[in-house]
Amino acid sequence: MIQVQASGAFLAIAADGQALVEVAEPELAHLFHAHEAALRAAKELNAEGRGPVDVMKVELDVS
């Protein structure tokens, strides 16, 4: 997931599927299928001046 460093919030995809919104709970954040995809998205957001953002690793318990 991606975390906004200034607010500590996480990024999620808005209901319209087009925009990003900040959410307080990590459970509501967008989860990427691959670490590389999250890194690419964070790099693009930072380059666009929408950061600074950072990638946070999520450990899921699938048992």
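**Notes on the predicted model**

1. Let's start with Lys 57, which is exposed at 70% relative accessibility. Keep in mind that this is a predicted model. Lys 57 pairs up with Glu 59 in a salt bridge, with the closest N and O atoms 3.5 Å apart. Glu 59 is exposed as well, at 63% relative accessibility. Lys 57 also turns up in the lining of the largest pocket.

2. How many salt bridges are there? The count comes to 2. Besides the pair just described, Glu 48 forms a salt bridge with Arg 50, and here the closest N and O atoms are 3.4 Å apart. Glu 48 has a relative accessible area of 52%, so it counts as exposed, since the cut-off is over 50%. Arg 50, at 46%, is partly exposed. As background, side chains of opposite charge can pair when their charged atoms come close.

3. Now the backbone. Gly 51 and Pro 52 are joined by a cis peptide bond, with omega at about 10°. For context, most peptide bonds are trans. Where does Pro 52 lie? Pro 52 sits in the loop between α1 (35-47) and β4, and β4 itself covers 53-55.

4. On to the largest pocket, whose volume is about 210 Å³. Its lining includes Met 1, a run from Leu 31 through Phe 32, His 33, Ala 34 and His 35, then Ala 38, and also Val 55, Met 56, Lys 57, Val 58 and Leu 60. By class, the lining divides into 9 nonpolar, 2 polar and 1 charged. The charged one is Lys 57, because Lys counts as charged, and the two His residues, His 33 and His 35, are the polar ones under that scheme.

5. There is also a nonpolar surface patch of about 380 Å², made by Leu 31, Val 58, Leu 60 and Val 62. Leu 31, Val 58 and Leu 60 appear in the lining of the largest pocket too. Val 58 is placed in the segment after β4 (53-55). Is Val 58 buried, exposed or partly exposed? At 31% relative accessibility, Val 58 is partly exposed; patch residues need over 30%, so Val 58 qualifies on that score.

6. Last, the other end of the chain. Gln 5 belongs to the loop between β1 (2-4) and β2 (10-13). With a relative accessible area of 48%, Gln 5 is partly exposed. Gln 5 and Pro 26 are 21 residues apart in sequence, and their C-alpha atoms are 14 Å apart in space.

Note on methods. Residues numbered from 1 in each chain as written. Predicted model: local features only at pLDDT ≥ 70, side-chain atom pairs only at ≥ 80, totals over all residues. Heavy atoms only, no water. 1 Å grid on protein atoms, 1.4 Å probe; cavity = no way out; pocket = protein on both sides within 12 Å on 5 of 7 lines; lining within 4 Å. Points joined across faces, edges and corners; volume = space filled by probe spheres on them. Patch = residues over 30% accessible without salt bridge, like charges linked within 9 Å, V, L, I, M, F, W, Y side chains within 5 Å. Areas by Shrake-Rupley, 256 points an atom, 1.4 Å probe, with all protein chains shown as cover. Salt bridge = Lys/Arg side-chain N within 4 Å of Asp/Glu carboxyl O. Helix = DSSP H or I, 4+ residues; strand = E, 2+ residues; numbered from the N terminus. Buried < 20%, exposed > 50% of the residue type's maximum accessible area, 1.4 Å probe, protein only.
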